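User: Please take a close look at the sheet in this model, and then at what lies around the sheet. I am a first-year student, so explain each term when it comes up.

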Amino acid sequence: MSNVALYNTEVPSAFPLARGASLTTRVPTGRDRQLRIAPEGQVSSPTPSHALMRILVVSPNAQACTALRGVFEREGREVLSASSPAGVVEMIGRAEVDLLISDQLLPDDSGYALLESVRDQHPTVMTALMAAPGMSQAPLLAFERGASDFLTQPIDAEEAVAFLRRAEQLHAVRGHVARPSTAEYEAPDFRGMYGTTSVMRDVFKMITRVGRTGVTVLVTGESGTGKELVARALHDESARRNKPFIALNCSALPSELVESELFGHTRGAFTGAVKDRGGLFEAAHDGTLFLDEIGDLGPLAQAKVLRAVESGEVMRVGGTKSSHVDVRVIAATNRPLDEMVLDGRFREDLLYRLKVISLALPPLRERKSDIPLLASHFLHVFSERHSLPARALSPDARDMLMQYDWPGNVRELRNVIEGALVMCDGAEIAVCDLPSSLTTASPRLSVPTSLMEQSADLPFVEARERALREFDRAFLGAALSRNGGNIARTARALGLHRQSLQKLLARRDLRNGETVREL
């Protein structure tokens, strides 16, 4: 029979554990929650008016248990510990445990089994994993088994306190812990992102869950959906939050310069390299490197990024020695990387390494109920930035925003609201203050009947080419109009290289008839 140390007084435990297991708790005198000894030595419920979280740590690592006990007791929490999972599930209810922390390194992977058993038999008890050092995949496996959070070893006091604060947010009335639900994410904003639709709440939950790990993440979504905001949120949710966050748009630089930008160069490595220079991987050491538009990386840069992600080794252009970096990589793209792998334009092994977790952002047209919230937020931001009177949307203007499909997504909405606020003379944003691209219907892209009649006597190949030419002209013309004639922006919105779009425009004779801007 084990003993429970209560106020430094030994009393018989009510929780018989299997041989080799031990259960102890130390409650410093003067805490709010006081345990009463019930008949036959059983521990009764706490007094109803005072309820502190009771935490059970299951680990054979005495040093980790001691470290957690020290942190949690300083915060006024009760700590139980067991060196083995045997008998723990049976006694959790009687011990009134609120939070179970299971060591990943329990024998025979029983730590994961313990999480599953507690989830099934005690659904009101929150569970967490104490991951082994260097095991970045362990938290994801724990989440699949019902864990709500995780800690890493060796125990860091600051991280343990942050962990406890997260647990406290889930702590319900009188010592019972409720599992996370979408109610946690009902707030309209999350780390600079706004949305109350179910799809965005799922995104926020995913960021919260994955951000605390060190795994690589691939963020996908159309241009303007907020991929960099997601990357920053993942960084801010992680233990690297106080370290550098470095971002690079891989499509913004010529391919021959991207490699030097990422990995640095030595003096004389190429024309203009007058001195040694470190790259972004080195600058992001201990922090996060965000690679936007990763699909635009050339083959050589892809190979070096793969090596850096897998081994943490980087070598400057023209250098002979590798250096080690500790960097979490988050990549983003609006291009179909799976198709690019089939075409040989993107390395399959790099894709698999980047999308340990894949996080897809919905286009704005799939969450239109968030448009009034986003518009209100942008009106507030720009009225302060430009020192303009605060204005609201008129009902007609709001209806217009809701009817539009927003090919440029949140970025386009942001620009539209800023322009409308500047142009508005009345008390409300009216339809006349919105750009003509919203108020004018987009050209229909169906093949005109007249064209079909004109092509009726042509050979099939020639008729199809004529129809495709007319489709391209209508489609590309509309895309250019939506993006103000900006080729680079239009190419990003369509998922094309700028050079490819330029060639297509020239082939369809659009460059002479449209107002086109290179930058």
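Analyst: Strand β11 (residues 217-220) runs parallel to β16, and four bridges join the two. Four bridges also join β11 to β17, again in the parallel sense. Strands here are DSSP runs of E with at least two residues, helices are runs of H or I with at least four residues, and both are numbered from the N terminus. Two strands count as paired if DSSP finds at least two bridges between them. As a general point, strands of a sheet pair through backbone hydrogen bonds, either parallel or antiparallel.

This is a predicted model, in which local features need pLDDT of at least 70 and side-chain atom pairs count only at pLDDT 80 or more, while totals for chains, interfaces and linings use all residues. Residues are numbered from 1 along each chain as its sequence is written, and side-chain values use heavy atoms, with hydrogens and water left out.

Valine 219 shows how β11 is placed. On the β16 side, valine 219 stands opposite alanine 332; in β17, the bridge partner of valine 219 is leucine 359.

The whole sheet is open and has five strands in the order β12-β13-β16-β11-β17, with parallel pairing. Because β12 (245-249) and β17 (357-360) stand at the edges with a single partner strand each, one side of each is left without a neighbour in the sheet. On average, neighbouring strands of this sheet are turned by 20 degrees against each other, direction ignored; the strand axes are lines fitted to C-alpha atoms (for helices, over the stretch in contact), and angles in general run from 0 to 180 degrees between N-to-C directions. At the β12 edge, five bridges pair β12 with β13 (residues 288-292) in the parallel sense. One residue pair there is asparagine 249, which stands opposite aspartate 292 in β13.

Two strands of the sheet also take part in the largest nonpolar core: β13 and β16 (328-333) are among the elements that each supply at least two residues. A nonpolar core is a set of buried Ala, Val, Leu, Ile, Met, Phe, Trp, Tyr and Cys residues joined through side-chain atoms within 4.5 Å. Buried means under 20% relative accessible area, exposed means over 50%, and partly exposed is in between (1.4 Å probe, protein chains only). This core has 30 residues, and those with the most contacts inside it are Leu262, Phe281, Leu291, Ile294, Val305 and Phe346. Helices that supply at least two residues include α8 (255-263), α9 (280-283) and α12 (348-354). Helix α10 gives the most, with five residues.

Lysine 304 lies over the face of phenylalanine 263, at 4.7 Å from the ring centre. For such a contact, NZ of Lys or CZ of Arg must be within 6 Å of the ring centre and within 35 degrees of the ring normal.

Aromatic pairs come next, and the structure holds six of them. Rings of Phe, Tyr and Trp (its six-membered ring) pair if their centres lie within 6.5 Å; planes under 30 degrees apart count as stacked, over 60 as edge-to-face and the rest as tilted. Phenylalanine 190 and phenylalanine 204 form a stacked pair, 4.9 Å centre to centre with 25 degrees between the planes. Phenylalanine 190 lies in strand β9 (residues 189-190) and phenylalanine 204 in helix α6 (residues 198-211), so the pair ties together parts that are 14 residues apart in sequence. Phenylalanine 190 is buried at 13% relative accessible area, and phenylalanine 204 is buried at 1%.

Phenylalanine 378 and phenylalanine 382 form a tilted pair, 6.4 Å centre to centre with 35 degrees between the planes. Both lie in helix α13 (residues 371-385), four residues apart, which is about one turn of the helix. Phenylalanine 378 is buried at 7% relative accessibility, and phenylalanine 382 is buried at 0%. The C-alpha atom of phenylalanine 382 is separated by 7.7 Å from that of leucine 421, 39 residues apart along the chain. Leucine 421 is in helix α15 (residues 409-423) and is buried, with a relative accessible area of 1%.
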